[in-house]
Amino acid sequence: MATITVYEPTGPTIDLGALKYATRGELEDGLDVTLVNNGKPRAKELLQFLGEELKKDLPIRSVDVFSKTSAGKPLTGDEAKVIAARSHLVITGVGD
C-alpha cells in the first residue's frame, strides 16, 4: 500500500505589532525604482501602471523596466547585482 504525506502550509501566528521596522532616512533626490518584467503577456503593462501609481504617493526620481527574455529564466547573479546597485526599490510581476 502506498503512503501519502500531506504537508500543512500553516505556521505559528505572528504578532505584527511586535515587529520592528528598519529606520528610514529621507531621500533628498527621490527613489530609483526598477520593475522586472518577467516576459509573460501583459506583465510589462501591469508594472508600468504600478510605477505610475507609485509616483502619486512616493518621491520617485526614476522608473526603469528590466525585461527578462522568459518567465522561466531567472535573473543571473550579475543582472541582480546591477539592478540592486542602481535601485532603491525593485518590483517584479507576472502577467497573463
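**A colleague's note on this predicted model**

1. Following the chain from start to end, you meet the order β-α-β-α-β. That makes two helices and three strands for the protein. Please keep in mind as you read on that the model is predicted.

2. On overall form: the radius of gyration is 18 Å, whereas the globule rule gives 12 Å for 96 residues, so the protein is more spread out than a compact globule. The C-alpha trace spans about 65 × 40 × 25 Å along its principal axes.

3. Next, surface and burial. Of the 96 residues in the protein, 22% are buried. The accessible surface amounts to about 7,800 Å², and carbon and sulfur atoms account for 56% of that surface.

4. A word on contacts across the sequence: taking those between residues at least 6 apart, 78% link residues at least 24 apart.

5. For the electrostatics-minded, the protein has 12 positive and 14 negative charges, and the mean positions of these two sets lie 5 Å apart.

6. One residue you may like to inspect is D32, which sits in strand β1, residues 31-37. Is D32 buried or exposed? D32 has a relative accessible area of 12%, below the 20% cut-off, and therefore counts as buried.

7. What does the side chain of D32 make a polar contact with? The partner is the side chain of S62, at 2.7 Å. Leaving aside residues up to four places away in sequence, D32 touches R61, S62, R86, S87, H88 and L89.

Technical notes
Residues numbered from 1 in each chain as written. Predicted model: local features only at pLDDT ≥ 70, side-chain atom pairs only at ≥ 80, totals over all residues. Heavy atoms only, no water. Helix = DSSP H or I, 4+ residues; strand = E, 2+ residues; numbered from the N terminus. Rg over C-alpha atoms; globule rule 2.2 N^0.38 Å. Buried < 20%, exposed > 50% of the residue type's maximum accessible area, 1.4 Å probe, protein only. Contact = heavy atoms within 4.5 Å. Areas by Shrake-Rupley, 256 points an atom, 1.4 Å probe, with all protein chains shown as cover. Lys, Arg positive; Asp, Glu negative; His and termini not counted. Charge placed at Lys NZ, Arg CZ, Asp CG, Glu CD. Polar contact = N/O pair within 3.5 Å; in protein donor to acceptor, adjacent residues only side chain to side chain.
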